[in-house]
Amino acid sequence: MSEKLVAYFSASGTTASKAAAFAKAAGADLCEIKPETPYTKKDLNYLNPLSRSTKEMHRKSYRPPIIKDDIDMQSYDVIFVGFPIWWYTVPTIINSFLEAYDFSGKKIVLFATSGGSAFGKAVSDLQPSAPDAVIEEGMLLNGNLSDEELKAFAEKY
């Protein structure tokens, strides 16, 4: 196994394609963070205050159930965790992922896709879910990044 893992959540496919390209360039293993109930277009209607994603993001303590894979986190030194930015921060499903595994002593580096927002409070929103890990803001994987740019990002860690 690689000492690096790229774990990602993607509701619409954008983050999935970026994560796959990043994992390949980094020579890292790839793992999808899958919700037990997949998100639909209706769930992702950010303009609807009753949509699933809107309700989740307004209730920060809610943890969407995930399908827990048999991942040996002890095999990895660095875990890159990717997600789309929702409401200027990280979707709470990433908290679900961090709370499902033991990240003690690990370095978690965030990457994200966004229509224009930065990471916001992503690190501080996630730290309580992995208190014994070091969580760092990585980079936004927007646009067409080259394999060289992705590899250089991975090599920083």
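Phe-80 sits in strand β5, and in this predicted model its relative accessibility is 0%, so Phe-80 counts as buried. Leaving aside neighbours within four places in sequence, Phe-80 is in contact with Lys-4, Leu-5, Val-6 and Ala-7, and also with Phe-22, Val-109, Phe-111, Phe-153, Ala-154 and Tyr-157. One of these partners is worth a closer look: Phe-111 is 31 residues away along the chain, yet the C-alpha atoms of Phe-80 and Phe-111 are separated by 6.9 Å.

Another partner, Phe-153, takes us to helix α5. Phe-153 has a relative accessibility of 2% and therefore counts as buried, since the limit for that class is under 20%. Again setting aside neighbours within four places in sequence, Phe-153 is in contact with Phe-22, Phe-80, Val-109, Leu-110, Phe-111, Gly-138 and Met-139. Phe-111 turns up here as well. Between the C-alpha atoms of Phe-153 and Phe-111 there are 10.0 Å, with their positions 42 residues apart along the chain.

Now take helix α5 as a whole, residues 147-155. Its buried residues include Leu-150, Phe-153 and Ala-154. Viewed down the axis of α5, the buried residues fall within an arc of 95 degrees, so they line one face of the helix. What does that face pack against? The buried residues of α5 pack against β1, α1 (14-26), β5, β6 and β7 (134-140). On the other side of α5, Glu-148 and Glu-155 are exposed. For Glu-148, the relative accessible area is 61%, which is over the 50% limit and therefore exposed. Glu-148 also offers a contrast in distances: Glu-137 is 11 residues apart from Glu-148 in sequence, but the two are 20 Å apart in space, C-alpha to C-alpha.

Next comes the interior. In soluble globular proteins, nonpolar side chains tend to be buried together. Here the largest nonpolar core has 33 residues, and Ile-94, Phe-97 and Phe-103 touch the most other members. At least two residues of this core come from each of β1 (4-8), β5 (78-84), α3 (92-100), β6 (107-113) and α4 (122-126). Helix α3 gives the most, with 4 residues. Apart from this core lies another one, of 15 residues, among them Val-6, Ala-25, Ala-28 and Ala-154.

How covered is α3 itself? Helix α3 is mostly covered, with 7 of its 9 residues buried. The buried residues are Thr-92, Ile-93, Ile-94, Asn-95, Ser-96, Phe-97 and Leu-98. If you follow Phe-97 outward, leaving aside neighbours within four places in sequence, its contacts are Ala-7, Ile-33, Ile-66, Met-73, Val-81 and Phe-103.

Between β5 and α3 there is a loop that holds Trp-87 and Tyr-88. Most residues other than glycine have a negative phi. Against that background, phi of Trp-87 is near 50 degrees, a positive value, and Tyr-88 has a positive phi of about 65 degrees. Their accessibilities place them in separate classes: Trp-87 is partly exposed because its relative accessible area is 29%, between the 20% and 50% limits, whereas Tyr-88 is exposed, with a relative accessible area of 62%.

Trp-87 and Tyr-88 also belong to the lining of the largest pocket. The other lining residues are Tyr-46, Ile-85, Trp-86, Ser-114, Gly-115, Gly-116 and Ser-117. This pocket has a volume of about 170 Å³. Its lining divides into 5 nonpolar and 4 polar residues, with no charged ones.

Finally, turn to Lys-34 in strand β3 (residues 34-35). Is Lys-34 buried or partly exposed? At 28% relative accessibility, Lys-34 counts as partly exposed. Not counting residues up to four places away in sequence, Lys-34 touches Pro-65, Ile-66, Ile-67 and Asp-69. Pro-64 is 30 residues apart from Lys-34 in sequence, and their C-alpha atoms are 9.9 Å apart in space. Ile-66 links this region back to helix α3, since Ile-66 is in contact with both Lys-34 and Phe-97.

Definitions and conventions: Residues are numbered from 1 along each chain as its sequence is written. This is a predicted model: local features need pLDDT of at least 70, side-chain atom pairs count only at pLDDT 80 or more; totals for chains, interfaces and linings use all residues. Side-chain values use heavy atoms; hydrogens and water are left out. A nonpolar core is a set of buried Ala, Val, Leu, Ile, Met, Phe, Trp, Tyr and Cys residues joined through side-chain atoms within 4.5 Å. Buried means under 20% relative accessible area, exposed over 50%, partly exposed in between (1.4 Å probe, protein chains only). Contact means heavy atoms within 4.5 Å. On a 1 Å grid over the protein atoms alone, a cavity is a set of points where a 1.4 Å probe fits but cannot get out, and a pocket is an open set with protein on both sides within 12 Å along at least five of seven lines; lining residues have an atom within 4 Å of a point. Grid points are joined across faces, edges and corners, and a volume is the space filled by probe spheres set on the points. Ala, Val, Leu, Ile, Met, Phe, Trp, Tyr, Cys and Pro count as nonpolar, Asp, Glu, Lys and Arg as charged, and the others, Gly among them, as polar. The arc is that of the directions from the helix axis to the C-beta atoms.
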